[in-house]
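Biologist: Could you take me on a close look at the part of this model around the ligand? I am new to this, so please go step by step.

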Amino acid sequence: MKYTIATIHGDGIGPDVVREAVRALKAVAHCSGFELDFVEAPMGGAAYDAFGCPLPDSSLATCRGSDAILLGAVGGPRWDKLPGDLRPEAGLLGLRAGMGTYANLRPARIFPELASACPLKPEIVRGGLDLLIVRELTGGIYFGERGRSPDGGTAWDTERYTKAEIERLLEVAYRAARARSKKLCVVDKANVLESSRLWRQTAQELAAHYPDVETSFMYVDNCAMQLVRNPRQFDVIATSNMFGDILSDEASMITGSIGMLPSASVGSSGPGIFEPIHGSAPDLAGKDQANPLAAILSAAMLLAYGLKRKAEAAAIERAVSSVLAAGYRCADIATGAEGEIVLGTRAMGETVARAIEEAAQGTPRSAADAGR
Ligand code: IPM
Ligand code: MG
């Protein structure tokens with residue numbers, strides 16, 4: 001069996017973390033006896049520099065021809081002065097739209113080993129945290145009409161949703177809720193926004209088809225508060241593009257660091273996009289300091305959702321857990337506690353890859369030994 005993976009290294013720390021995610025994928029492929037063919041698709045600031053546009057047609061074609069897309073991060077101050085449609089972020093939005101990946105799954109889970117990295121009081125997250133944000137990804141204010149008045153003194157962006165867009169996103173969220181604890185919270189601003197009222201109405205109609213799932217509604221401002229007050233009340237959260245962007249950063253911090261959170265963007269058909277939720281952190285680029293675990297866990301999501309290889313996805317997740325259990329940390333998740341060994345990007349990637357290989361060989365050596 002052979003799969004083609006389109007890799008988009010992107011900007012800033014993107015190349016640093018994608019390199020380690022590729023290492024993990026190669027390790028599982030090697031152990032499971034399937035082949036992976038990696039094809040680079042330039043996108044973001046790097047593509048702008050090389051081709052004058054943030055998403056060349058050839059990159060979109062490479063992605064369309066792949067089985068799954070592994071993406072690092074895009075953007076940086078170098079490109080901040082470019083007009084909106086040439087910015088690196090425009091490449092990312094074009095890719096999401098072009099691939100039709102309307103549902104973005106962002107799990108936020110506290111690894112027990114990292115419980116002390118959670119900035120909330122221990123009693124608030126006692127018993128752990130495992131929630132899933134299902135973010136709409138190809139509609140809303142990110143894609144609505146925007147503009148500037150001729151004098152430059154007025155600017156607007158439009159939050160616009162069709163019922164069909166809301167419905168297909170909610171279907172994904174309901175199916176996810178069904179497979180988890182059967183609780184779905186739809187987050188909106190229905191007390192103010194008409195588009196949110198359509199979200200609520202659509203969810204109320206759909207709820208009838210999922211009687212086994214308990215549907216609740218919450219305003220986004222309240223949700224932002226509840227996430228730090230009592231995050232354990234949530235299981236699956238479904239929300240719009242921008243609210244999901246904001247809430248997923250908030251949720252990530254509860255898990256200890258945004259450097260830990262992966263994501264999967266999927267549509268009705270075609271390859272999905274798998275990327276860490278963090279940005280390109282230009283100040284850390286090339287310094288071997290970025291935490292590659294979010295990218296490595298995104299590679300696990302790529303295996304599970306993109307290639308339907310759940311066993312191999314689990315192998316990566318287990319390797320990450322074992323490496324954390326052995327005390328290995330990147331700087332962002334280090335607390336200074338005794339027994340912690342702080343690693344750079346590459347060493348962390350190598351340690352995870354080794355843990356994957358050793359688990360496959362059945363050598364019950366601890367990950368701690370593996371790192372020495
Ligand atoms: C994310 C990022 C992107 C977004 C940016 C880089 C366009 O913040 O994936 O969460 O807002 O979707
Ligand atoms: Mg974001």
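**Around ligand 1**

Modeller: Happy to! In this predicted model, a good place to start is R106, where an N or O atom of the side chain is 2.9 Å from an oxygen atom of ligand 1. Next comes R135, with a polar side-chain atom 2.8 Å from an oxygen atom of the ligand. D245 also takes part: a polar atom of the D245 side chain lies 2.9 Å from an oxygen atom of ligand 1. On its own, ligand 1 has 320 Å² of accessible area, and the protein covers 79% of that.

Now let's step back to the whole shell. The residues around ligand 1 are E89, L92, R96, R106, R135, Y142 and D245. Sorted by class, 5 of them are charged and 2 are nonpolar, while no polar residues appear. Which helix gives the most to this shell? That is helix α4, residues 88-99, with 3 residues.

For the wider setting, look at the sheet. It is open, has 10 strands with mixed pairing, and follows the order β2-β1-β3-β12-β11-β4-β5-β10-β8-β9. At its edges are β2 (35-40) and β9 (214-219), each pairing on one side only. Helix α7 (residues 220-229) packs on this sheet and touches β5 (130-136), β8, β9 and β10. The direction of α7 makes about 100 degrees with that of β9. Two of the strands that α7 touches, β8 (residues 183-188) and β10 (residues 236-239), run parallel and are joined by 4 bridges. To find that pairing on your screen, look for C185, which stands opposite I237 in β10.

Terms used: Residues are numbered from 1 along each chain as its sequence is written. Chains are lettered from A and ligands numbered from 1 in the order in which they are written. This is a predicted model: local features need pLDDT of at least 70, side-chain atom pairs count only at pLDDT 80 or more; totals for chains, interfaces and linings use all residues. Side-chain values use heavy atoms; hydrogens and water are left out. A residue is near a molecule or strand if one of its heavy atoms lies within 4 Å of it. A polar contact is a pair of N or O atoms within 3.5 Å; within protein, one must be able to donate a hydrogen and the other to accept it, and residues adjacent in sequence count only if both atoms are side-chain atoms. Accessible areas come from the Shrake-Rupley method with a 1.4 Å probe; for residues, only the protein chains shown count as cover. Ala, Val, Leu, Ile, Met, Phe, Trp, Tyr, Cys and Pro count as nonpolar, Asp, Glu, Lys and Arg as charged, and the others, Gly among them, as polar. Two strands pair if DSSP finds at least two bridges between them. Contact means heavy atoms within 4.5 Å. Axes are lines fitted to C-alpha atoms, for helices over the stretch in contact, and angles run from 0 to 180 degrees between N-to-C directions.
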